[in-house]
Amino acid sequence: MLAHSLSTMTVLRVRVEPDVLAFLLTERAYKKLDSTTMSENLIEVSGLTKKYGDFTAVDGIDFHVRRSESFGFLGPNGAGKSTTMRIIAATSQRTSGKVSVLGKDPEVEGPQIRAHLGVVPQQDNLDIQLTVTENLYIYGRYFGLPDKFIRAKIEELLEFAQLDEKRNVKVDLLSGGMKRRLTIARALVSEPDILILDEPTTGLDPQARHILWDRLFRLKENGITLLLTTHYMDEAEQLCDRLIVMDKGSIMAEGTPLELIKKYCSKEVLEVRFGSDKNALLAPAMKELCERIEVLPDRILLYTDDAEDALDSIVRAGHHPHTSLARRSSLEDVFLRLTGRSLID
Amino acid sequence: MSTVHSNRKIPRFGARYIFEARIRTMTKFVWIILAVTILNPLLYLISIGVGVGSLISHNLGPHGMDGVSYLTFLAPALLAASAIQAAQDEVTFPTFQGFKWGRIFYGINATPQSGSNIAGGVFLAAMARTVLGVAVYSTLLYLFGAMNSPHSYLAIPIAIFSGAAFGAVMLAFAAYTENEDKFFTIVGRFVVGPMFLFSGTFFPITNMPLAVQVFGWVSPLWHSIELGRYATYGHKISMTMVVIHFTYLLAMLVFGLFFAFRQYSRRLEK
């Protein structure tokens, strides 16, 4: 199980610290939490629909999120993830369906629910005219928290977000990664029960993403309930105990990353490239060698239980791909299988 | 599903926290604000008040304008105009900043704060800036000898009231505005500019043709100036007109805030 889980990472050759890898044992982490704290549903959603005029952004979805769970929405841009998040965060009204957050209806008790949430929006909305500490301070005040509490909290958060050296710097002058970390720190100022993150690492360079992931892992360790959207499958695999795959406002699949890969994919994938004009041409030949293939503009994917073996038979049949890559299946493959499209177009 | 949460208290009168943050942001621009607050009135007082004033007293005598000196005539008008300008600046820019440029209102709205609280906080901070402006301006007017009528101090609350009335309407307008470029063009060229010129600031609007006077009637500045002149030196208008002027400004304040609060909430919910 460990090997399987880890190998899904090898596609990107992501380097992760050992303690971080422990979290990739999703099933184990899942079981452990299940037996202790995960019995209570903090969020319950059924038949949730949101329409903007004729356009249906969210089309009757159902899901629930348990306490201390890290729950993800995976899907391409425009899938309805952010809309769903905003409805749960009690900042957008639904068209129909039932939503309960912390036992309350966001439409009725919005401010009361928001008092217990920390929200990291897709687009940073820090006050760029103020400094790092000032941003944390005023945000704590919006929750009506007392001065003394906020001042102590700021010290804790600056350390957590690794922004101590930047405490008196105007936010305008921070890098993208720092702003993201500050936004996360800001969301934590009120010690929320649920932390909601909308595309937390979109637009960040790989190093900044890894720092951010590490911070989010620490929060997970402390038992906070995480709700995040992403269109990066590696992010979903690393951070989510359980996730739903969304496309065009609907839920395509639900489960742990491992369950989804097992259910919708073969064990391994072989990627072969024959050159862009030849890929489509050789597709029928590949189809003969493998029961399920996916032809993309730049490569052909062969879903198989043994990728090395599949490559051998391609060569034996007299075909010579320019490049080939044998790897374990990932959530990207799950998404491709479910929708026939890539996550990032 | 059980609820094991302690219900955290929702902050009462939440607008004060937005007010706090706005003041904090304004202090970053304190030198610019002070420079504008002091230099602008100085330039007006020297050029128009003293320059044009001497021309008027030379031709019409020291009490040639509505029975008083030109500076006395001018004082309530300048004070009200500056209040209106300050209020407008401090409601429009933060609104565009909050909804569009930096989207900070969406961050505030993710806390227990509502759209109405945010609108209220922005408005209160604009009022603080307006009060500061009026305080500085009236001090300068005093130093120039323009506050010499028995009730000249009454021009101060009237100016602040006018700033609040116009500020409330502009707060609503800014919240409805998606394209701020158009907003500044329209408001700057066709509202604030003409308002300053056609509201009887520098001469009674009755000196103008009736068709042009209409501009003055809809202008909050004209209503404010008439009230100010009536209160400070006894400018002759009927009691009915006093009530109309006051009611007009009060209506702007009430409706402006109503629509601003509503649109702030609606826009955040989109």
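Two strands count as paired if DSSP finds at least two bridges between them. With that in hand, the tour can begin; the model on screen is predicted.

**Stop 1: the six-stranded sheet of chain A**

Select β6 and β7 of chain A, the latter being residues 225-230. These two strands run parallel and are joined by five bridges. For one of the bridged pairs, pick A:Asp198 and look across to A:Thr229 in β7(A).

Now widen the selection to the whole sheet. It is open and has six strands, ordered β5-β6-β7-β3-β8-β9 in chain A, and its pairing is mixed. Go to the two edges: β5 (117-120) and β9 (250-255) of chain A each pair on one side only. Ignoring direction, neighbouring strands in this sheet are turned by 15° against each other on average.

Add residues 81-88 of chain A, which form helix α4. This helix packs on the sheet and touches β3 (70-74), β6, β7 and β8 (242-247) of chain A. Set against the direction of β7(A), the direction of α4(A) makes about 150°.

**Stop 2: two loop residues with positive phi**

Most residues other than glycine have a negative phi. Two exceptions in chain A can be picked in turn.

Start with A:Glu191, in the loop between α8 and β6 (194-198) of chain A. Its phi is positive, near 50°. Is A:Glu191 buried or exposed, or does it count as something in between? A:Glu191 has 13 C-beta neighbours inside 10 Å, so it counts as partly exposed.

Then move back along the chain to A:Gln162, which sits in the loop between α7 (147-160) and α8 (176-187) of chain A. Here phi is about 55°, again positive in a residue that is not a glycine. A:Gln162 also counts as partly exposed, because it has 15 C-beta neighbours inside 10 Å.

**Stop 3: the four-stranded sheet of chain A**

Select residues 292-295 and 300-304 of chain A, which are strands β11 and β12. They pair in the antiparallel sense over four bridges, and a hairpin of four residues connects β11(A) to β12(A). Within the pair, A:Ile293 faces A:Leu302 of β12(A).

Next add β10(A), residues 268-273, which pairs with β12(A) in the antiparallel sense over five bridges. Which residue of β12(A) is the bridge partner of A:Val269? The partner is A:Tyr303.

Two helices pack on this sheet. Helix α12 (residues 279-289) of chain A touches β11 and β12 of chain A, and its direction makes about 175° with that of β11(A). Helix α13 (residues 307-316) of chain A touches β10, β12 and β13 of chain A, and its direction makes about 35° with that of β10(A).

Show the full sheet. It is open, with four strands in the order β11-β12-β10-β13 of chain A, and the pairing is antiparallel. β11 and β13 (323-328) of chain A lie at the edges with a single partner strand each, so one side of each has no neighbour in the sheet. The average turn between neighbouring strands here is 20°, direction ignored.

**Stop 4: helix α14 of chain A**

Select residues 331-339 of chain A. This is helix α14, and it is mostly covered, with seven of its nine residues buried. The buried ones are A:Leu331, A:Glu332, A:Asp333, A:Val334, A:Phe335, A:Leu336 and A:Arg337. After the helix comes A:Gly340, whose phi is positive, near 75°.

**Stop 5: where chain A meets chain B**

Colour the two chains separately and select the residues in contact between them: 31 in chain A and 29 in chain B. On the chain A side, β1 (41-52), α5 (110-114) and α6 (132-142) each supply at least two residues. Which element of chain A gives the most to this side? It is α6(A), with five residues. By class, the chain A side has 12 nonpolar, 12 polar and seven charged residues.

**Stop 6: chain B**

Hide chain A. Chain B has 10 helices and zero strands. Its radius of gyration is 20 Å, close to the 18 Å that the globule rule gives for 270 residues, so chain B is as compact as a globular protein of that length. Along the principal axes, its C-alpha atoms fill a box of roughly 85 × 40 × 35 Å.

Colour by burial: 48% of the 270 residues of chain B count as buried. Of the contacts in chain B between residues at least 6 apart in sequence, 80% join residues at least 24 apart.

Terms used: Residues numbered from 1 in each chain as written. Chains lettered and ligands numbered in written order. Predicted model: local features only at pLDDT ≥ 70, side-chain atom pairs only at ≥ 80, totals over all residues. Rg over C-alpha atoms; globule rule 2.2 N^0.38 Å. Buried ≥ 20, exposed ≤ 12 C-beta atoms within 10 Å, placed from the backbone. Contact = placed C-beta atoms within 7 Å. Nonpolar A, V, L, I, M, F, W, Y, C, P; charged D, E, K, R; others polar. Axes fitted to C-alpha atoms, helices over the stretch in contact; angles between N-to-C directions.
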